[in-house]
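Subject: Structure for your review

Dear colleague,

Please find below the structure that I am handing over to you. A summary of what was found in it follows.

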Amino acid sequence: MDFDGGNKRVYNRLGGPAGGDTKNQKVCYKWQAGNCNRYPCPFLHSELPTSNGNGAPSKRPYAENSGFSGNRRGGGSSFNTWGPGRGGGRGRGGGRGSVGGGGRGVVVNVERVCTYWIQGTCDYGDRCKFLHSWSVGDGFSLLTQLEGHKKVVSGIAMPSGSDKLYTGSTDETVRVWDCQSGQCIAVINLGGEVGCMISEGPWLFVGIPNFVKAWNTQNSMELSLDGPVGQVYALVVINDMLFAGTQDGAILVWKFNVAANRFEPAASLKGHSRGVVSLVVGANRLYSGSMDNTIRVWNLETLQCIQTLTGHTSVVMSVLCWDQFLISCSLDKTVKVWFATESGNLEVTYTHTEEHGIVTLCGMHDSQGKPILLCSCNDNTVRLYDLPSFAERGKIFNKQEVRAIQTGPGSIFFTGDGTGQVRVWNWIAEPATVTANNIK
């Protein structure tokens, strides 16, 4: 996907390390066992204080009732403060740490994956000064990798009630994967690059140049919706209406006709001067992020634009709703958190800065129900943050930038990168603490 008239690749690989180190108020159980080799480790390498001053055990701050748009819903948020001041913040480390290996201390660069390890030819083993892992952090692990796409993975979806995973790519195909075996069972050739893909109920929607393809995965009905001009970059469904963000800056709307069993054109929302690359729905509003560096807020009843947000200085790549907050990211290297004032207008309440442009966001909960923000940067990493503190939780490394992140059933989530590789990740339940009451 080219921006700025094709003179600049949005998803260009950028060099340079960016380290992080945050210690939360919880003792590392691997450190207690004498075998922690993580750096930076997100947990304490010291004994846990007995209380936080109020007689209660110290814990990592999190929202028990938080809810991301499109994920598990929750009650109203109790947070009015974002960032490090709320809960420990994000620490920046030196990017290197000592771990045991080969009988002597080895300085490991946690910002770089060993290129020989990737190729399967590293002879240093535990003595290598570079990472032999696709991730650092605690609480999640890689389950498997799905190989088959030849170019960028631009969409991942898992329709309701289906045991199949669908992935779309700029190699002009959609691949269908069996979730039990992990095998690709079908390849659908579309004749155009996949710009985005979503699922809603049994329906699968795929955006390609000048069309939106729709499949009902239960009855195999296939529809082709025309009208878009150029690539379709973003899709969202709400109240039987399908919205599509297009390359020419329009947002096309179709309404599903139950009697005729088809989608009929309903409206075209005009306002953005350049392509619409991200859409999300929340609080009876549609939010659209664009290449024109703005976010527009649309009333879903009138389909009129009621506010234009101008806080970003480059392409708004992704927008996400969390309770009454709107979270956006941009190639300007920032994540912004927006909050509605008494007048109803959205204003920035917190800005988080990265060292590289930010490609996409995804919100989910870990195995403990804590809200996590996954933030893909164009230095080929996905960074994981606790919310609302933005304390760094971990990092995922990739051969190229990740343009698609999608939550799955339970504690599963998926990432798709620029090489065509899809990875399946899982949040791991923390081991139970053994106490005298547990021993019978």
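Four strands form an open sheet in the order 26-27-28-29, with antiparallel pairing. Strand 26 (316–322) and strand 29 (346–353) are at the edges, and each has a single partner strand, so one side of each has no neighbour in the sheet. From one strand to the next, the twist averages 20°. Please note that this is a predicted model.

Strand 26 and strand 27 (residues 325–330) run antiparallel and are joined by six bridges. Across this pair, Leu320 stands opposite Ile327 of strand 27.

Ile327 also appears in the interior of the chain. The largest nonpolar core has 24 residues, and Ile327 is listed among those with the most contacts inside it, together with Trp82, Val335, Leu361, Leu387 and Phe390. Strand 26, strand 27, strand 28 (334–340), strand 30 (358–365) and strand 31 (371–377) each give two or more residues to this core. When neighbours within four places in sequence are left aside, the contacts of Ile327 include Trp82, Leu320, Val335, Leu361 and Leu387. Another core, of 19 residues, lies apart from the largest one; among its members are Val113, Phe140, Phe397 and Phe413.

As for the chain as a whole, it has three helices and 36 strands. Of its 440 residues, 53% are buried. Among contacts with a separation of 6 or more, 44% are between residues 24 or more positions apart. The accessible surface of the chain comes to about 19,400 Å², and carbon and sulfur atoms account for 45% of that surface.

Yours sincerely,
A colleague

Note on methods: Residues numbered from 1 in each chain as written. Predicted model: local features only at pLDDT ≥ 70, side-chain atom pairs only at ≥ 80, totals over all residues. Heavy atoms only, no water. Pairing = 2+ DSSP bridges. Axes fitted to C-alpha atoms, helices over the stretch in contact; angles between N-to-C directions. Core = buried A, V, L, I, M, F, W, Y, C linked by side-chain atoms within 4.5 Å. Buried < 20%, exposed > 50% of the residue type's maximum accessible area, 1.4 Å probe, protein only. Contact = heavy atoms within 4.5 Å. Areas by Shrake-Rupley, 256 points an atom, 1.4 Å probe, with all protein chains shown as cover.
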